[in-house]
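Please open the structure in your viewer and keep the selection tool at hand, since each stop on this tour begins with something to select.

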Amino acid sequence: MKTPLPQTWNLERFFPGGSRSEAFQSFLETLEQEVAAFSAMLGELAPPQTADAAGLMPALELLQTIDNKIREADSFVGCLAAENQADKRAVILGGKVKTLSASYASALTRFDQLLTGIGDDVWLQLTASPELASVAYPLSERRALAAEKLPPELEALANDLAVDGYHGWGEAYNTTVGKFRILWEENGKTSELSAGQAANRMHSPDRAVREKLFKLWEEQWAEHADYCADALNHLAGFRLKLYERRGWDGIHKEPLAINRMSKETLNAMWGVIERGKDAFVQYLDRKAKLLGIGKLSWSDVEAPVGQGSKHFSYDEGAQLIVEQFRRFSPKMAEFAEMAFESAWIEAEDRPGKRPGGFCTSFPIAEETRIFMTYAGTASNVATLAHELGHGYHQHVMNDLPALAQNYAMNVAETASTFAEMVVADAAVKSASTEEERLTLLEDKIQRSVAFYMNIHARFLFETRFYEERARGIVSVERLNELMVEAQKEGYRDALAEYHPHFWASKLHFYITEVPFYNFPYTFGYMFSAGIYAEALRQGDAFENKYIALLRDTGSMTVEELAEKHLGVDLRQPDFWQRAMDLSLEDVKAFMSLTE
């Protein structure tokens, strides 16, 4: 690769001028006209009574055009808001895109009504036709889900009200996070840390630094807690009322449907995780001893062990990722190299950026953009590999119809976590010293702890919060109690101190597009572990099979995907146990190295 690599992304490629872009304004105006035309078109269409797809094709083609344009617009404003939280114009544009999305969603309710008006026999013939075969699954999925929703005019009303209600509360949370600042003194200089910068510094090897920063972190979130609690309560209240009106009796119904997975699969996964936690408790106890403390606090869980922690410059981290990708998949390595060199990644460590990391797609341009704050840790390298995995997933689907590209979050997390696993495992195996191997191995185990314990705690918290929210507003004090209770259960009470305001600090609880933004991560982690085991077994022959699996992610349930490409039943514990066994091997190696 050509170095030095750019550390800021190129958004001018899409719409020159950022939030003041005239080209983007024109794009939105055209999109608004197309949404109106789509709505008008649907008003004139009647459900076909014969298996002739010709009458549906104009509406279906316009639907997919609008779908791609909304994704393009949403990605652009999301990138603008993330790179500079003070960009108020980006926030306004984001509101405009949400309004257009709501209008489109309302039109889609009429499209869904059109689908439900088609008789079953005619529908089977239509979806088998050459015109519809490539999008048969997502269309059938829409048709089945529409049958369980409110009448179209009420669903349209709910979508319209959601802009300033439901989604508005999500934006209110983002505004609150944008105001978050921690005064921090370092090397005799005082600076203001954003939430993202503060989160990065909590990985410091110096326990005094971690403890001081975590104390300030908790205090700051406590100051913002009332605003966060308002947002969380009203988001949940909107969802619960909508579920009630639809006649849905479970809070997991929508997230499971969105992730195209069954409750049996979810229960099988959590069951294996519960049975495997003892080994991770032993790991946490051993880590406490290595750090010279009786029991880990929340701020110690992700602390580095030993002196083998290595700083990776951005170019070094990129080179490591490309090299390890190439060992498994030359095509994935070529993609990563292109992303690094073409300024697709926003990695610069500077004030004003939002916390966290993400990868977002621009389907019209057939490109992706990756956001993170890179500080040179092994964890940062892993995050970078993770987001590149997302980008590669989209890359291999670019030529598919728009509807067939809409894969669920859990399988989206599969590709990203697989990429992360490839890099982490190879780094451990190629470590030059035992100290370095221990550090890299421990960083890898930390991710298992995050997926099996931290995210399980998030799932438990959110499930119990919704149960209480159904009876009324949940106070800040009670939210803190629920959070600590869930963390104690998730970590098997292995910690001395917990994070009461985690519910306030974690963006994932406030994302309106996908409810229960937690268990899909764990699914992706374990599913990717099973895929990784298969890749190790098959070697070079697996690359094209992996691509075929990724391309099918928008066209079947996860159970069907696993059966077709891996020959396994996800509703049974066997597959999940094999994935867990890979994680347990890491713990065994760590325990052996630290005896």
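Begin by selecting strand β4 and strand β5 (residues 367–371), which pair in the antiparallel sense over five bridges. Keep in mind throughout that this is a predicted model. Within this pair, look for threonine 360, which stands opposite arginine 369 in β5. Then follow the chain through the turn: β4 and β5 form a hairpin with four residues between them, and in that turn glutamate 366 has a positive phi of about 55 degrees. Is strand β4, residues 358–362, mostly covered or mostly open? Four of its five residues are buried, and the strand is therefore mostly covered, since a residue counts as buried when its relative accessible area is under 20%.

Next, add β3 to the selection, and an open sheet of three strands appears, in the order β3-β5-β4 and with mixed pairing. In this sheet β3 (345–346) and β4 stand at the edges, where each has a single partner strand, so one side of each is left without a neighbour in the sheet. The pairing of β3 with β5 is in the parallel sense and runs over two bridges, and here you can find glutamate 346 opposite phenylalanine 371 in β5. While you are looking at strands, a general point may help: in a regular strand the side chains alternate between the two faces of the sheet.

Now move to another hairpin by selecting strand β1 (residues 182–186) and strand β2 (residues 189–193), which pair in the antiparallel sense over five bridges. Leucine 183 stands opposite glutamate 192 in β2, and of the two residues between the strands of this hairpin, asparagine 187 takes a positive phi near 55 degrees.

From the strands, turn to the interior. Select Phe325, Phe340, Leu388, Phe461, Trp503 and Tyr510, the residues with the most contacts inside the largest nonpolar core, which has 152 residues. The largest share of this core, 15 residues, comes from helix α16 (residues 434–469). Apart from this core lies another, of 48 residues, among them Phe15, Phe38, Ile70 and Val135. In soluble globular proteins, nonpolar side chains tend to be buried together.

Which residues are in contact with leucine 388, leaving aside its neighbours within four places in sequence? Show the atoms around leucine 388 and you will find Ile321, Phe325, Phe335, Ala336, Ala339, Phe340, Ile345 and Ile370.

For a contrast with these nonpolar residues, select arginine 260, in the loop between α10 (253–258) and α11 (263–290). Is arginine 260 buried or exposed? Its relative accessibility is 10%, and arginine 260 therefore counts as buried. Leaving aside neighbours within four places in sequence, the residues in contact with arginine 260 include Tyr137, Glu141, Asn406, Tyr407, Thr553 and Glu559.

Go next to the surface and select Leu154, Leu157 and Leu161, which make a nonpolar surface patch of about 270 Å². Leucine 157 is found in helix α6 (residues 152–164), and at 44% relative accessibility leucine 157 counts as partly exposed.

The last stops concern charged side chains, for the structure holds 37 salt bridges. Select aspartate 399 and arginine 551, whose closest N and O atoms are 2.7 Å apart in a salt bridge. Aspartate 399 lies in the loop between α14 (378–395) and α15 (409–429), while arginine 551 lies in helix α20 (residues 542–551), so this pair ties together parts that are 152 residues apart in sequence. Aspartate 399, at 58% relative accessibility, counts as exposed, whereas arginine 551, at 27%, counts as partly exposed.

Return to helix α16 and select arginine 447 and aspartate 443, whose side chains meet in a salt bridge (2.8 Å, N to O). Because these residues are four apart in helix α16, about one helical turn separates them. Arginine 447 is buried, with a relative accessible area of 13%, and aspartate 443 also counts as buried, at 11% relative accessibility.

Further along, glutamate 468 forms a salt bridge with arginine 478, the closest N and O atoms being 2.6 Å apart. Glutamate 468 lies in helix α16 and arginine 478 in helix α17 (residues 476–490), so the pair ties together parts that are ten residues apart in sequence. Finally, select Arg207, Arg210, Glu211 and Asp300 together, and you will see residues linked in a network of salt bridges.

Definitions and conventions. Residues are numbered from 1 along each chain as its sequence is written. This is a predicted model: local features need pLDDT of at least 70, side-chain atom pairs count only at pLDDT 80 or more; totals for chains, interfaces and linings use all residues. Side-chain values use heavy atoms; hydrogens and water are left out. Buried means under 20% relative accessible area, exposed over 50%, partly exposed in between (1.4 Å probe, protein chains only). Two strands pair if DSSP finds at least two bridges between them. A nonpolar core is a set of buried Ala, Val, Leu, Ile, Met, Phe, Trp, Tyr and Cys residues joined through side-chain atoms within 4.5 Å. Contact means heavy atoms within 4.5 Å. Patches are made of residues with over 30% relative accessible area and no salt bridge: like charges are joined within 9 Å, nonpolar side chains (Val, Leu, Ile, Met, Phe, Trp, Tyr) within 5 Å. Accessible areas come from the Shrake-Rupley method with a 1.4 Å probe; for residues, only the protein chains shown count as cover. A salt bridge is a side-chain nitrogen of Lys or Arg within 4 Å of a carboxyl oxygen of Asp or Glu.
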